[in-house]
Amino acid sequence: MPYRTGRIVAQAQPNIALVKYWGKRDLERNLPATGSLSVTLDALWTRMAVEFDPSAKADSLAVGGREAPDLLPRVVRCLDMVAGSDRPRARIESESNFPVGAGLASSAAAFAALVVAASRAAGVSLDTLSLARLAGRQSGSAARSLFEGVVALDPGPDDVRVESIAARGDWPLEVLVAITDRNAKPIGSTEAMRRCAETSPFYRYWVDRQGADLEAARRAVAARDFEALGAVAEQNCLKMHSLMWTSRPPIVYWNDATVGCMQAVRELAADGCPVFFTIDAGPQVKAVTLPHEAARVREALGSVPGVLEILHSGLGPGARLLESR
Ligand code: DP6
C-alpha cells in the first residue's frame, strides 16, 4: 500500500441518538440488532492524528496528551481493518474538547475520525459508507458520525446502511448538554448492552418495536415535525433505560441531577416550549430544542441542582480530514 509519511489529522463530532442503538445481532462484526437515528453535533469534536513510522516497533496511543495503552487494542484493530495488519506501526494521538468516556459519545467521534485519518495515511480510498461500516466495527454509533445533520442507520440484511436524512442547515435543531458528572461511566455500553440482552425481560420487545420507532422518527424529520420527533425520542430513550433498570444486576446511569433535568425539560414542554430530552449510557441529559428557545432551556437546566456545566451545540458536519501536519 502507498503509505504516507507525516501526520494525518481528521476530526469528527459526536452524535446523539434520538432512536437508540442498544443491542447487537452479530458480536463478531459488531452489527446492531436494530436501526437508529441521530443528530451529529458541531460544537464538540475529537481529532485523531495518525502517523505511520516504519522504524517504530509497536503502535502507541495518547489520549489528551497522556499515553493510553488500555485503549490501544481497539484502536489497533481499527487501524488493521483500514490499513491491513502488515502496515507500518503507527503513533496515534487523540484530543477532544469535551469529557471522554462519560456518556457523550466520545468513542463514536474517535472512531469516525480514526477511519478517516487512517485511510488517508494508508493511501486507501473508500467512500463514506465504507468508512462508516469500518468505524461501526469498533463502535456501532461511530458509523453515524461520518454523516452530517440528522442521520439514519438501517441495520440492512448484511451490513448497515447509513445516510444523512437532513443536512445540518435543513433543520436548525439545537442541543444543550447538561453535564452532571465528569467521571467515566461505571459500565461501558458494550457490556451494558450484553447484560440487557441476556437478562432484561423486555429486550425482545425492544428489538421488535425499534422499526416502528424509527419509521415514526423518519416521518417526523421529513415533515420537520418537532413535537412528533420529541415524542418518539423521549419514549425511545426511556424504553432503553427501562431495559437497563430491569437487567440483573440493574444498570443505572442516572443521578439526582439527571432526573432533575428531565423534570425541568418536562416542565418547559408543559409550558409550550419546544423541547425534549434524551439520555445515553451516562448521567448527562441532552435537551433538543429550536434556536429561539435555546436560552430559556439553558437557563432552566442551569438552575437544576447538580448541573456542573452546559454545552450548547447546533448540528454539524460528518467526519473529515483536517490539513495534514
Ligand atoms: C446509548 O456505539 O458505544 O449511545 O458498539 O458496543 O461500542 P459499541 O456501543 P456504542 O453504543 C452507543 C449506545 C448509545 C445509543 C446510541 O448512540 O445509539
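In the predicted model, the second largest pocket encloses about 230 Å³ of space. Its lining is made up of F226, E227, G230, A231, E234, V265, R266, A269, C273, P274, V275 and F276. Three elements, namely α6 (226-245), α7 (256-270) and β13 (275-278), each contribute at least two residues to the lining of this pocket, and the largest share, five residues, is supplied by α6. By class, the lining of the second largest pocket comprises eight nonpolar residues, one polar residue and three charged residues.

Helix α7, one of the contributors to that lining, consists of 15 residues and extends 21 Å from its first C-alpha to its last, close to the 21 Å expected at 1.5 Å a residue. The buried residues of α7 are A257, T258, G260, C261, M262, A264, V265 and L268; of these, V265 also appears in the lining of the second largest pocket. The cover over the buried residues of α7 includes the strands β12 (174-179), β13 and β14 (285-289), together with the helices α6 and α8 (294-302). Thus α6 and β13 are found both among the elements that cover α7 and among those that line the second largest pocket. At the start of α7, a side-chain oxygen of N255 comes to within 3.0 Å of the backbone nitrogen of A257, while after the helix G272 adopts a positive phi, near 95 degrees.

Helix α2 (residues 106-122) was examined in the same terms. With 17 residues at 1.5 Å a residue, α2 should span 24 Å, and its end C-alpha atoms lie 24 Å apart, in agreement with that expectation. Because 15 of its 17 residues are buried, α2 is largely enclosed by the rest of the structure. Just after α2, G123 takes a positive phi of about 70 degrees.

A search of the whole structure for cavities of 30 Å³ or more returns one, and the largest cavity has a volume of about 80 Å³. It is lined by 15 residues, of which N30, P32, G140, L153 and V160 are the closest to its centre. The elements that provide two or more residues of this lining are β4 (31-32) and α3, with α3 giving the largest share, three residues. The lining of the largest cavity divides into six nonpolar, five polar and four charged residues.

Helix α3 (residues 128-138) also contains R137, which counts as buried because its relative accessibility is 17%, below the 20% cut-off. Residues up to four places away in sequence being set aside, R137 touches R29, N30, L31, M81 and D159. One of these, N30, is also among the residues closest to the centre of the largest cavity.

A second arginine, R168, is located in the loop between β11 (161-166) and β12. With a relative accessible area of 41%, R168 is partly exposed, whereas R137 is buried. When its neighbours within four places in sequence are left aside, R168 is in contact with E148, G149, L315, G316 and P317. Between R168 and A197, which are 29 residues apart in sequence, the C-alpha to C-alpha separation in space is 34 Å.

Key:
Residues numbered from 1 in each chain as written. Heavy atoms only, no water. 1 Å grid on protein atoms, 1.4 Å probe; cavity = no way out; pocket = protein on both sides within 12 Å on 5 of 7 lines; lining within 4 Å. Points joined across faces, edges and corners; volume = space filled by probe spheres on them. Helix = DSSP H or I, 4+ residues; strand = E, 2+ residues; numbered from the N terminus. Nonpolar A, V, L, I, M, F, W, Y, C, P; charged D, E, K, R; others polar. Expected span 1.5 Å × (residues − 1). Buried < 20%, exposed > 50% of the residue type's maximum accessible area, 1.4 Å probe, protein only. Contact = heavy atoms within 4.5 Å. Polar contact = N/O pair within 3.5 Å; in protein donor to acceptor, adjacent residues only side chain to side chain.
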